[in-house]
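Okay, thanks for making time, everyone. Let me put the model up, and then I'll talk you through some helix packing and a pocket.

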Amino acid sequence: MPPRSPLLLAGLLASAGIAHFAAPKVFDGLVPRTLPGSPRTWTYASGVAELALAAGVAVPATRPLAAKAAAAFFVGVFPANVKMAVDWRHRPAPQRTAALARLPLQVPLVLWARGVARNPKGQS
């Protein structure tokens, strides 16, 4: 694993977390209807979680635990990606393709986070 890998993962998580606050409406539509409460609450809560995970992954002392939590988070948000793929099935081809591409993308994200947890210094 390259030395920058943990920091790249932290950057990805931080970017996603910021996006939840910068464009919450986009994320509100991904919240499964079966969850209680307001979609906006879930959007903001997941944004806060991503920012907290980013901070945890960025700090070497908390990196292993935060990276494990990030892997679990990536698994946990998979239903939102499924919902997006279903909801966007009638959209133009580029949007449909993006929604479908998010599904298998969760696998490398989970594996990346697990790799960071196992090798927190990011050394080969």
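**Helix packing and the pocket**

So, α4 and α6 cross in a left-handed way. Before I go on, keep in mind that this is a predicted model.

How do the axes of α4 and α6 sit relative to each other? They come within 7 Å and cross at roughly 165°. Anything over 145 degrees counts as roughly antiparallel, so that's what we call α4 and α6.

Now the residues. On the α4 side of this contact you've got R63, P64, A67, K68, A70, A71, F74 and V75. Across from them, α6 brings Q106, L109, V110, A113, R114, V116 and A117. Sort that contact by class and you get 11 nonpolar residues, one polar and three charged.

Okay, stay on α4, but look over at α1. Here the axes come within 12 Å, crossing at roughly 50°. That angle makes α1 and α4 oblique to each other. The crossing of α1 past α4 is left-handed.

Who's touching whom? From α1 we have P6, L7, L9, L12 and L13, and they meet R63, A70 and F74 of α4. That contact splits into seven nonpolar residues, one charged and no polar. And yes, you've heard some of those names before: R63, A70 and F74 are in the α4 list against α6, and they turn up here against α1.

Right, on to the pocket. The largest one has a volume of about 610 Å³. Which residues lie nearest its centre? Those are H20, F73, V77, A80 and R102, out of a lining of 24 residues. As for the elements giving two or more residues to that lining, they're α1 (5-22), α3 (39-58), α4 (63-76), α5 (78-87) and α6 (93-118). So the helices we just went through, α1, α4 and α6, are among them.

Last bit, for anyone thinking about chemistry: the lining has 16 nonpolar residues, six polar and two charged. That's me done, happy to rotate the view if anybody wants another look.

Conventions:
Residues numbered from 1 in each chain as written. Predicted model: local features only at pLDDT ≥ 70, side-chain atom pairs only at ≥ 80, totals over all residues. Heavy atoms only, no water. 1 Å grid on protein atoms, 1.4 Å probe; cavity = no way out; pocket = protein on both sides within 12 Å on 5 of 7 lines; lining within 4 Å. Points joined across faces, edges and corners; volume = space filled by probe spheres on them. Helix = DSSP H or I, 4+ residues; strand = E, 2+ residues; numbered from the N terminus. Nonpolar A, V, L, I, M, F, W, Y, C, P; charged D, E, K, R; others polar. Axes fitted to C-alpha atoms, helices over the stretch in contact; angles between N-to-C directions. Parallel < 35°, antiparallel > 145°, perpendicular 65-115°, else oblique. Left-handed = near helix turned anticlockwise from the far one by under 90°. Contact = heavy atoms within 4.5 Å.
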